[in-house]
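Got your viewer open? Here's a walk through what to select next, and what you'll find when you get there.

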Amino acid sequence: MTRLHRVPCRRSLCAALVRSSIVAALAALAAVPPARADARVKVVATLPNIGAVASAVGGERIDLTVIASGTQDAHFVDPKPSFIVKLRSADLLIVNGLDLEIGWVPPLTQGARNPKILQGGKGYMDASSGIRVVEIPSSLSRSEGDVHPYGNPHYLCDPLNAEIVAGTIAEALKRADPAGAGVYEQNLKAFVGRLHEALFGKELVKLAGGSKLSREAMAGTLDAFLDGTSIGGAPLRKHLGGWLGTMAPFRDHPIVTYHKDYSYFAARFGVRVVDYVEPKPGIPPSAKHLEELIGRLKAGEARVLVTRPFVEHRSTDALAERTGVVVLTLPIEVGGDPQATDYFKLFDLVTERLATAFGGEGPAPKGR
Amino acid sequence: MEAQIQVLFLPFLACLILTGIHVYLGIHVISRKVIFVDIALAQIAALGATVAFLMGYDPRTEGAYWFSLGFAVLAAVVFSLTRTRHERVPQEAVIGITYATASAAAILLADISPHGAEHLHDLLAGSIVWVTPAQIAKTAILYSLLGLFHLIFRRRFLQISLHPEEAYAEGVNVRLWDFLFYLSFGVVITSSVQIAGVLLVFCYLVAPSIFAVMFFDDLRSRLLTGWAMGTLVSAVGLYFSYDRPSGPTIMVGFAVALLIGGMMRALLRSARPAQALAATGILVALLAGAAFAFERYRHPGGVPSGAADPDAGAQDVVAPAGAEPEHQVGEGVAALRDALRDTHANVRARAIAGLEKSGDPRVLHDLADALHDQDAGVREAAAQALGRMRNRSALPALKQSLANQDEDPWVRLRLAQSVAALGDLDGIPFLLEVAAKGEGALTRLEAINTLSRLAALDGPAIDDPAGEAAQVRLRALRAWWAAGRDRLRFDARTGTFRK
Amino acid sequence: MRPMGLARAAALAAAVMLPEASAQDEAPPDRREVEELKAQVQALRDQVQALQQQIEALAKGSVAPSPPAPESLPQPTLAPGQPVAAGPTRSPGLMNPAISGVFQLIGNTSLAGRDDLNGFDLSEAEVAFESTVDPYAKMNLYLSFPADESPEVEEGYATTLTLPASLQLKGGRFKSAFGKWNTLHTHAFPTVERPDALAAFFGEESLTNDGLSLSWLIPNPAGLYIDTTTEVGTAREGVSFNSDSRALTWTEHLAFFLPAGDNATVELGGTASGGQTGPTESLLGDLDAAGLTETLEPDDRLPSNVYGLDVTWKWKPLQQNTYRSFSWQTEALLSRRRVQALDPGLFLTESTVGSAGGYTYVEGQWTKRWKLGLRYDLSGFPDSEVDRLWGASGVVRFIPSEFQELRFQAKYTRFNESAALRFGADDEDDTRLFFEWIPVIGAHGAHKY
């Protein structure tokens, strides 16, 4: 019996070719760039805090999309394909950097078919550039939990870092849209001015100048400056207002946080983080660790516990029940609380609630 | 898209005109098996233009044109003379040598002029995008006349190209007709080179004709095929060349078209057409994909848009955070000097404090440099340190910075304070300005108190910059300055200015 | 004009044009550039001289003005955050690819007494490399070291990053984009083993292609993620496309992602693939039994097509996505192929065989570290219209951290008579228990959604 003559195989191959040429033809059509009706710069920010700063600097000239939601854990955002579509047409992608988004941004950028926003492209901006990073581990091992190899990435918990980030964003926007350079510069000045007033209080800014206060604070010499300079017969410190003013009476008060994400806030506002509910970053609390923590809390080492909206309640509820510690669920990103609608309201809310919680406890308990 | 079409319409017309005559001439040239003559003549015309350029004629003027034409005519003579009946030295060799000589000569000559390289580049790549309507009109008329000439004498021309033996047998003056042929050739090439550049001209001569010759044997079909192919490739090439060099883009288009033609030809001759068609289809798709990828490879990391991209190629937007921890500023002037170049402003400011403490006069230069630091805090610290070091050699640097009107009010204050502290009267007017109009009440306060000290005025230190006492003191200071500015002298012992 | 002459002419022409073209790229330094360089050097000399003077003057204590910085030299100011020293200072292995290693320890036992599959197995270890090649492409390489076979490349492909028109080209060896489960590596399965339908239709190795895959993100006014992937290659698998003739297999996959509110997404996908297949096992067996292996040559190029449909619904509440989630995935496969059989008259007859199969899998998570899944399988076999099986499994997954997982699965499978023969089983049903432990080390890249 001879081999039967085959025709269908060629048919299927031809079918494949027809298919691929249709796809290729459609691709060629899609290659014709569509007329750009919207001349705004398409900016995509990974996290809401960055989006808030970008929105303040970009104003009406940008079309901003934020990927993560304020109530989400920034480490574990799902890289949904709808974000890929947004990234495909983006002009500028702003990431938090320091490997905070390493678990979900690469699939998005690598699938976005947009070479501008790949790392090293002219539309990729790492907001951590220029930030003074703390807690950089000297040795790396997963036995220490889910450590961040490049340091603590939650730098926008310190409002003065928002000043640096705003400057970097302004530079990136000026590069992407040179025609709007004047507008961005103006918006940047307005944002930084408002930030200084919110942080130091209007009065102090009028007396000493926002940039002077900001750089003294960044240098760690703000206390010396405020105490060492006098005006109107009283030290300058008397005129301190804003967020620093709200938190000033609670210097050195100890708190416990769930995750190690408040280091920058603590450094700026003077609170002291004594322990974490997670025994190691990313490791849920074990019974043993909870017992230790309960012991410390009962001994009065801290009276306030700060947790996040996206974290489980069982451990913190148990701690509250057993020790009477005040559990505050504070947002870390804009949008993490219904009242935290922008960067300024976020810190208003956080400082107020902390001050209220501390205010109820009297003078600072002695630390270890 | 419309803007694109408008801009490219004129070049498209130019391409059409070029296609028209070049296809015809190209078919002749291929029949004569002297492909080289096109590019040799084009290069010689270019050599003529180069000579003209050296003699001061701009490449687009009449003078340059006649120079080119002259050279081309000369070459035409040479070529027609060297075509012998019994070819001992193949004509191709002669033409090749001529081409090489012309190229070398052009390079040497271009080297003499400082802009020679650009000129050469222009000649080679051409600038078909900048063709003017006048040029198109002129060329169209000229080529029509030439076309007419060839139409009238087509039988003769075809004979000497396709059947030279016949011509020799009939006793035709082959040399003369050859010369006429090369002459018209030279004219066409010279005009074309002016518009389109050497390489593109060569392409138009050779590519459509090769394409046509692959498929057909008779002249009419070849002409029609060549014209069709030339027009199509010109259109496609121009479309893709919106913001790239047009000439090379069209040339790539021709190359691709030839490749496709070759494949089609192989197909038509193959025994298993369906299979071959399939293979060709895949190949075409892959080529298209490769072409896309190639375009991307030429512009990594950025989409070439219509607007000029001033930062093309630069790795602009920012590297990851310099996550160096702030480190201790060491002891010793050398370590402090290194710390002055640290990335963190805090470290630099602390280095300045350390350098000031060292008291070493050699550090004055470093501190003077720090007056130009990008960070206002560092500038302020440098200004203060220089004032406190009590070394007058710092004055020029301080005064220069003062004159530059720093944007930060505190830096201006410190500079003025330091200049005055070092005994220079120039600091006083600046201090008065800060006292009166400084941003921030604190700067005004400090300025008033500093001035009071320097002027040795009686009275307590002012507390409230907005108060009555401050106004009174300011008036007093102004009066003091107005009265004594010519006669004041610095008393280093007390650190005050006295008459 | 004969072809050879044409080729010669073209070659000569190329030889002529190449030097011209390359001359443009490697233009020797312009005289103008050299002049400029000389001017710069002179300016530098002047400044050095002035500086030396100033130092002397300072040493003597007299005043000398600092020299103005010449315009051509860059100002030595630093932007905040820019490192002064060039080059990364963090580690010497900075250019190394991200390397990770995984293995699976599987233990299983069959309650029906089919002991051949019992016991523990380090079934597969996998080493993965991932890195960018250059600004245009990145590469993934997965080497798999099966327990008792020689190591092989499970996947190795490069993906372009910079194609225009929302295209992405992948080339190398990769798991075909057929449905949703086929692309998963064994250690990334939600359950211990793959659904029976996939095993029946594509063999134990998934449908893997050596070839090219072009994916296009279709732009649309609704801004939805619609992706079409076309693949062409030589299939490496044992059931549906196992022709020895190395014919090309093509696959076409269309996927729609539809957001269903903030917390959920729905994905719809359709796949079609076609290729060629060779003689079935049963035919070879029959030929062998009849002693006709030498005389009758069964056709090695029978057309074979497999079609698939997949629907996936994923729910992950934004605020608690590490603690709660729910997903439901269903796939249906349909195979149509030409099959040859040996008829009683010892002739090879052909027929078209169609068969179908599929699975549905539901998974829920109620706390950070535990997930529960249920799967129902139904499968025919591509080369037979009568064999059938169905199965049901339950799986419990314990995930102590992102880098480690334990799975416990119980699976009940029921064969019909002919399928039981195929598997050489005595009974028509089987219950198996599985245990699996999967640790991961190294920088394992982020998983797709």
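## Where A meets C

Put chain A and chain C on screen together: about 4700 Å² is buried between them, and carbon and sulfur atoms give 60% of that area. Keep in mind that this is a predicted model. For the complex, the predictor reports an ipTM of 0.75 and a pTM of 0.64.

Now select the contact residues on both sides. You should pick up 47 residues from chain A and 54 residues from chain C. Across this interface, 12 residue pairs are in polar contact, with both partners at pLDDT 80 or more. On chain A, helix H1 (8-31), helix H3 (81-88) and helix H4 (105-111) each supply at least two residues to the side that touches chain C. H1(A) gives the most to that side, with 11 residues. Colour the chain A side by class and you get 28 nonpolar, 9 polar and 10 charged residues.

How many salt bridges are there between chain A and chain C? The count is 2. To see a salt bridge here, show the side chains of Arg113(A) and Asp227(C), which meet at 3.1 Å, N to O.

## Chain A by itself

Hide the other chains for a moment and switch to cartoon. Chain A has 14 helices and 10 strands. It runs to 368 residues, of which 55% count as buried. Take the chain A contacts with a separation of 6 or more: residues 24 or more positions apart account for 62% of them.

## Chain C, coloured by confidence

Bring chain C back and colour by pLDDT. The average is 81, and 82% of the residues score at least 70. Go to residues 13-27 of chain C, where pLDDT stays under 50; the model has 16 contacts for them beyond four places in sequence. Then try residues 62-90 of chain C, where pLDDT is also below 50. That second stretch has 42 contacts in the model beyond near neighbours in sequence.

## A threonine in a strand

Select Thr234(C), which lies in strand E7 (residues 225-236) of chain C. Is Thr234(C) buried or exposed? Thr234(C) counts as buried because its relative accessibility is 16%, and the cut-off for buried is under 20%. Leaving out residues up to four places away in sequence, Thr234(C) touches Thr208(C), Asn209(C), Asp210(C), Arg246(C), Ala247(C) and Leu248(C).

## Buried salt bridges in C

Over all chains, the structure holds 50 salt bridges. Start with Glu193(C) and Arg375(C), whose closest N and O atoms are 3.2 Å apart. Glu193(C) sits in the loop between strand E5 (167-175) and helix H3 (196-202) and Arg375(C) in strand E13 (residues 370-381), so the pair ties together parts of chain C that are 182 residues apart in sequence. Glu193(C) and Arg375(C) are both buried.

Next, select Arg397(C) and Glu363(C), a salt bridge with its closest N and O atoms 2.8 Å apart. Arg397(C) is in strand E14 (residues 384-401) and Glu363(C) in strand E12 (residues 348-367), so you'll be looking at a link between distant parts of the chain, 34 residues apart. Both of these residues, Arg397(C) and Glu363(C), are buried.

Then show Arg407(C) and Glu405(C), whose side chains form a salt bridge at 2.7 Å, N to O. Arg407(C) and Glu405(C) are buried too.

## Last stop: a network

Finish by showing chain A and chain B. Select Lys212(A), Arg215(A), Glu216(A), Glu380(B), Asp408(B), Arg414(B) and Glu446(B), which are linked in a network of salt bridges.

Terms used: Residues are numbered from 1 along each chain as its sequence is written. Chains are lettered from A and ligands numbered from 1 in the order in which they are written. Side-chain values use heavy atoms; hydrogens and water are left out. Contact means heavy atoms within 4.5 Å. Buried area is the accessible area (1.4 Å probe) that two parts lose on being put together, summed over both. A salt bridge is a side-chain nitrogen of Lys or Arg within 4 Å of a carboxyl oxygen of Asp or Glu. A polar contact is a pair of N or O atoms within 3.5 Å; within protein, one must be able to donate a hydrogen and the other to accept it, and residues adjacent in sequence count only if both atoms are side-chain atoms. Helices (H or I, at least four residues) and strands (E, at least two) are DSSP runs, numbered from the N terminus. Ala, Val, Leu, Ile, Met, Phe, Trp, Tyr, Cys and Pro count as nonpolar, Asp, Glu, Lys and Arg as charged, and the others, Gly among them, as polar. pLDDT is the predictor's confidence in each residue, from 0 to 100. Buried means under 20% relative accessible area, exposed over 50%, partly exposed in between (1.4 Å probe, protein chains only).
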